[in-house]
Amino acid sequence: MSYDTPPDGPYLVSPCCGSEYEEKDFITEMGEQYICNECSELFNYPEEDYEYSERMRENAAEDRMDEKRLGL
């Protein structure tokens with residue numbers, strides 16, 4: 001799998017929504033230290049924007065293949 005890095009470098013986003021996030025003042029017992037500004041989901045590590053976009057494209061392609069295979 002290859003990723004194209006934007007010319008001005010990667011931008012870190014939340015893995016749930018691809019949105020901006022904030023670092024919390026404390027770490028939860030599950031190790032989560034960030035919170036998504038869009039949906040308020042807690043997560044451990046931010047993701048680079050191009051990785052998030054690629055993952056969403058892969059998920060959509062996988063969903064289309066599943067629908068085709070199941071005849072939906």
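## Aromatic cluster

Rings of Phe, Tyr and Trp count as a pair if their centres lie within 6.5 Å, and planes over 60 degrees apart make the pair edge-to-face. In this predicted model, Tyr 21, Tyr 34 and Phe 43 form one aromatic cluster. The count of aromatic pairs in the structure comes to three. One of them joins Tyr 21 and Tyr 34: the ring centres are 5.4 Å apart and the planes stand at 90°, so the pair is edge-to-face. Tyr 21 belongs to strand E2 and Tyr 34 to strand E3, so this pair ties together parts that are 13 residues apart in sequence.

Another pair is formed by Tyr 21 and Phe 43, with 5.7 Å from centre to centre and 80° between the planes, which is again edge-to-face. Here the link runs between distant parts of the chain, from Tyr 21 in strand E2 to Phe 43 in strand E4, 22 residues apart. Burial can be given for each member of the cluster. Tyr 34 counts as buried at 13% relative accessibility, and Phe 43 is buried with a relative accessible area of 6%. Tyr 21 has a relative accessible area of 22% and is partly exposed, because the cut-off for buried is under 20%.

## The three-stranded sheet

The strands that carry these rings also form a sheet. It is open, has three strands in the order E2-E3-E4, and its pairing is antiparallel. Strand E2 (21-23) and strand E4 (42-43) are the edge strands, each of which pairs on one side only.

Strand E3 covers residues 34-36 and pairs with E2 in the antiparallel sense over three bridges. Within this sheet, Tyr 21 stands opposite Cys 36 in E3. Tyr 21 thus has a place in the strand register as well as in the aromatic cluster. In general, the strands of a sheet pair through backbone hydrogen bonds, either parallel or antiparallel.

## Cysteines without a disulfide

The structure holds zero disulfides. The sulfur of Cys 16 has its closest cysteine sulfur in Cys 39, at 3.6 Å. That is too far for a bond, because a disulfide requires the two sulfur atoms to be within 2.5 Å.

Cys 39 is likewise in no disulfide, and its nearest cysteine sulfur is that of Cys 17, 3.5 Å away. As for accessibility, Cys 16 is partly exposed with a relative accessible area of 25%. Cys 39 is partly exposed too, with a value of 37%.

## The chain as a whole

The protein chain contains one helix and five strands. In sequence order, the elements follow the pattern β-β-β-β-β-α.

Of the 72 residues in the protein chain, 18% are buried; Tyr 34 and Phe 43 are among the buried residues. The protein chain exposes about 5600 Å², and carbon and sulfur atoms supply 48% of that area. Among contacts in the protein chain with a separation of 6 or more, 40% come from residues 24 or more positions apart.

Conventions: Residues numbered from 1 in each chain as written. Predicted model: local features only at pLDDT ≥ 70, side-chain atom pairs only at ≥ 80, totals over all residues. Heavy atoms only, no water. Pairing = 2+ DSSP bridges. Helix = DSSP H or I, 4+ residues; strand = E, 2+ residues; numbered from the N terminus. Buried < 20%, exposed > 50% of the residue type's maximum accessible area, 1.4 Å probe, protein only. Contact = heavy atoms within 4.5 Å. Areas by Shrake-Rupley, 256 points an atom, 1.4 Å probe, with all protein chains shown as cover. Phe/Tyr/Trp six-rings, centres within 6.5 Å; stacked < 30°, edge-to-face > 60°.
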